[in-house]
Amino acid sequence: MVVANAGAYLESWADELTSRANRVRNLIGDAHWLSDGSHKEALLRDFIQRHLPYHLSVSNGFIRSSSDRGNCSPEIDILIADASMHAPLFAESDLYITPPISVAAHIQVKTSYAKSELVSALQNIHDSQIIIAAHARPEKVWRAVCFYTVPDSRTPVSVIDTLEVSLRELAQSDWPATNAALEHIFPTCIVALSNWVIFFSIAEEKIVTLRLFELGKLSAACAMGDLFAALRRWSGGDVTGDLDRLIESLSIPTPIVRKIDLGVR
């Protein structure tokens, strides 16, 4: 892939998503926030679909095991599934109900970064991953939370502070009772499309490392690039591709790193 201005090209991804989302908000204001939220989910689904292999589908929906011991996930804003692994249990319009074995990725979409929205999204990812872990390999599934905006008052440090508080609260609730490994129930990343992206890693039990990259409008491309790489691996393709090399050619700032021991109150 040869791009004359790689930075501008990748930044245009965030511009495209936010400008299309703002058209609806500018027209309806705060009158119909549910419609506005659904529109944001649809925009991101459409964007992802245009960059995926044809054998993968993008929808909103649910993960449902067909076994007696299985149950149903919360509603998932963006569900990426591989019908070649198992046909969907239900598929009409943009609603899919699919078994765990065919789930390649899932994303929760939120309008603005706030603790309540963050906790809700983290719990949804946890619950969905627990169902996957009972019937398939959760480590193969890419999962994320996507925020369209961040309040101007939010600094990167305050973003991580809120995330740490939220993770501690959830880890001290029902999370320790699960059988899935900790790294399998956390998001792969959290992204604010035009601000930053946070990647999760776990090297030791109950110790989570957060790396926040302040990338501005490149944040969307960085998160999407990681998603597309994960889906290539899911499909048996190359680990890296042209998009990865394009991102790597740019100057990436040193991340803000936070280690959190969830075993310590």
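T18 has a relative accessibility of 17%, under the 20% limit, and therefore counts as buried. The model is a predicted one. T18 sits in helix α1, which covers residues 6-28. Its side chain makes two polar contacts with backbone oxygens, listed below.

| Side chain | Backbone oxygen of | Distance |
|---|---|---|
| T18 | A14 | 2.8 Å |
| T18 | D15 | 3.4 Å |

In an α-helix, residues three or four places apart point the same way, because there are 3.6 residues a turn. Beyond four places in sequence, T18 is in contact with Y148 and S194.

A second buried position is A104, which counts as such because its relative accessibility is 1%. A104 belongs to strand β5, residues 103-112. Setting aside residues up to four places away in sequence, A104 touches I80 and A81, the run K140, V141 and W142, and also L231 and W234. For the pair A104 and W234, the separation is 130 residues in sequence, while their C-alpha atoms are 6.9 Å apart in space.

Helix α6 runs over residues 218-234. Its 17 residues should span 24 Å at 1.5 Å a residue, and the end C-alpha atoms are 24 Å apart, so the two values agree. Of these 17 residues, 14 are buried, which means that α6 is largely enclosed by the rest of the structure. Just after α6, G236 adopts a positive phi of about 85°.

Notes: Residues are numbered from 1 along each chain as its sequence is written. This is a predicted model: local features need pLDDT of at least 70, side-chain atom pairs count only at pLDDT 80 or more; totals for chains, interfaces and linings use all residues. Side-chain values use heavy atoms; hydrogens and water are left out. Helices (H or I, at least four residues) and strands (E, at least two) are DSSP runs, numbered from the N terminus. The expected span of a helix is 1.5 Å times one less than its number of residues. Buried means under 20% relative accessible area, exposed over 50%, partly exposed in between (1.4 Å probe, protein chains only). Contact means heavy atoms within 4.5 Å. A polar contact is a pair of N or O atoms within 3.5 Å; within protein, one must be able to donate a hydrogen and the other to accept it, and residues adjacent in sequence count only if both atoms are side-chain atoms.
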